[in-house]
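Trainee: Got a minute to go through this one with me? I'd like to start with how the chains meet.
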Protein chains: 2
Amino acid sequence: MFNSIAIVGSGALGSYYGARLAQHGGAVHFLMRSDYARVREHGLNIYSHDGDFKLSPEQIHVYDDVAKMPKVDLVIVTLKTTANDQFAKLIPPLLGDKTAILTLQNGLGNDEELATLFGGQRVLGGLAFICTNRTEAGVIHHTDHGFIKLGEYVPGASARAEALADLFRKSKVPSEAMADIRYGRWEKLVWNVPFNGLGTVMDLETDKLLASEAGTNLVRGLMHEIMATAAAIGVPLAADTAEKQIQRTATMGAYVSSMQVDRRQGRPLEHMAIVGHPLETARHAKVATPLLEILHQQLVTIDAANNK
Amino acid sequence: MFNSIAIVGSGALGSYYGARLAQHGGAVHFLMRSDYARVREHGLNIYSHDGDFKLSPEQIHVYDDVAKMPKVDLVIVTLKTTANDQFAKLIPPLLGDKTAILTLQNGLGNDEELATLFGGQRVLGGLAFICTNRTEAGVIHHTDHGFIKLGEYVPGASARAEALADLFRKSKVPSEAMADIRYGRWEKLVWNVPFNGLGTVMDLETDKLLASEAGTNLVRGLMHEIMATAAAIGVPLAADTAEKQIQRTATMGAYVSSMQVDRRQGRPLEHMAIVGHPLETARHAKVATPLLEILHQQLVTIDAANNK
């Protein structure tokens, strides 16, 4: 069903999952930018807590131009959401009549943008729970987790989603198909909005956000605003979602969120995907989200200062 | 009228003003902690844009214990507001029947605390507009400004306030007595709440806070909340106060606020004086201040994380 696969956005996450699919024997085509020359010559080195492996230049297909790539059965989108304006340029050359598109990007709105451009029937949403980083060109470290939840953009059980989850599992990537991925997405937002958002605004790691009653109340308040927004659009999460996430996070030690790393390194912030689109959803649904409003203003301020 | 003066809190600001008063010929008694031994041996070195000078150990009176100090005509309080719990211990030994107390500390609530402990008739409030820093023990740099506004805690014109402003002026410190110091205090809060408060929470200098519409809107929103609070307690500021301060700050280049420096150096934050007490005032006056509420929660969170 997915004999050929394209990875659009070959950062740490895209390279890791693409390499796993290639290791399993899939024909995986990587669209690369900065790492292109190095990977073309030396292949990919994966250091993974599920087992290290290498892909030689002969084992993978690397491109620096989407026009040189073949049409594929599956496009996996792992771009930073700040590059979503590239969808219309990067994806069309890869699409045949039945090509599916899976986004593993952060936050909200990515599957909608893809559906608007290429039709909702093509699109699957996915959530990657993984810790990866790229230490140099072509060298990827996979340090923890790796689970992928995925499902159709148009909610409902599907053989395609099941087949894709099965392909991931056969490629050493734990995965599960969900009939309605929105539940997973909003549950992840409950965590990401405070810990990625507030953590970035205040430059505090997870443990420091939870080190005081004041910080815990800010985190909890944001979580409840996200849960209220999800409920208002027909995605009611379990009532104890916030408390469970706070408890789990309090025991996991210091964690520097991805957007906080982006801030420290002066890169654009994924503030629209992680906070801005949830805020727009809340406004449409007429849910009062005062904390979310201010958080987004603060993130936009930092993003502008970063790029000054 | 002020023949003997005690400086309680001999950081950069207290040391500078005390040294100016001593240079003018006053009998100034400095209560010191960390710098005591060094200053007792080597005196004070002042590098000032109004003229450098030195005070030899023979020219000043330095103490490491308030019990050894004489009663004085004037106590000038320049402690960090985070040390206000020391008032009851440090100040009583200095008080004669007619001793006046002038606070030059940051933010709101200091004169009230002094009035509660020692009687409102003793207390004068002051605002110091000055850039000073201490580069090593006994070495103070005065890099800009220096103006002191002061006035009675119990509003009204007073010969004492005029005499004190006069003493400062004779000591090369520009100064003005105000019939109601609360106007000066709230006007300063209009600036300090956003630039000190938000600047600390987001670790952004003044120019970066004003580099985007989002940031400027956050600053303006906080300024308007402070102005509304001031008006509600009978201190109406000019309607263009916020816009004037924003314009002036936008032209003055990057400025790192005092609390932001404290955050970076892991010191306690003056969040109660600068944001917490204004917030309490707003709550009492039933003025809605949603931005101030969140700002204070964020500052408390950072202060707790800093001291973790």
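Trainee: How many residues of chain B are in contact with chain A?
Mentor: Keep in mind that this is a predicted model. In it, 26 residues of chain B are in contact with 26 residues of chain A.
Trainee: And what area is buried between the two?
Mentor: About 2100 Å², with carbon and sulfur atoms giving 68% of that. On the chain B side, the residues that lose the most area to chain A are Met202(B), Ile294(B) and Thr301(B), together 24% of what that side buries.
Trainee: OK, polar stuff next. How many salt bridges across the interface?
Mentor: The rule finds 0 salt bridges between chain B and chain A. For polar contacts, 5 residue pairs turn up across the interface.
Trainee: Which helices of chain B supply that side?
Mentor: H6 (181-202), H7 (206-209), H8 (213-232) and H12 (290-306) of chain B each supply at least two residues. The largest share comes from H12(B), with 10 residues.
Trainee: How do the residues on that side divide into nonpolar, polar and charged?
Mentor: For the side of chain B that touches chain A, you get 15 nonpolar, 6 polar and 5 charged.
Trainee: Switching to symmetry: what turn lays chain B on chain A?
Mentor: A turn of 180°, with a shift of 0.0 Å along the axis and an RMSD of 0.0 Å. That is the relation of a two-fold axis.
Trainee: Which residue of chain B comes closest to the rotation axis?
Mentor: Met202(B), whose C-alpha is at 2.5 Å. Both copies use the same surface, too: 100% of the contact residues of chain B recur in chain A.

Key
Residues numbered from 1 in each chain as written. Chains lettered and ligands numbered in written order. Predicted model: local features only at pLDDT ≥ 70, side-chain atom pairs only at ≥ 80, totals over all residues. Heavy atoms only, no water. Contact = heavy atoms within 4.5 Å. Buried area = accessible area lost by both parts, 1.4 Å probe. Salt bridge = Lys/Arg side-chain N within 4 Å of Asp/Glu carboxyl O. Polar contact = N/O pair within 3.5 Å; in protein donor to acceptor, adjacent residues only side chain to side chain. Helix = DSSP H or I, 4+ residues; strand = E, 2+ residues; numbered from the N terminus. Nonpolar A, V, L, I, M, F, W, Y, C, P; charged D, E, K, R; others polar. Least-squares fit on C-alpha atoms with pLDDT ≥ 70 in both.
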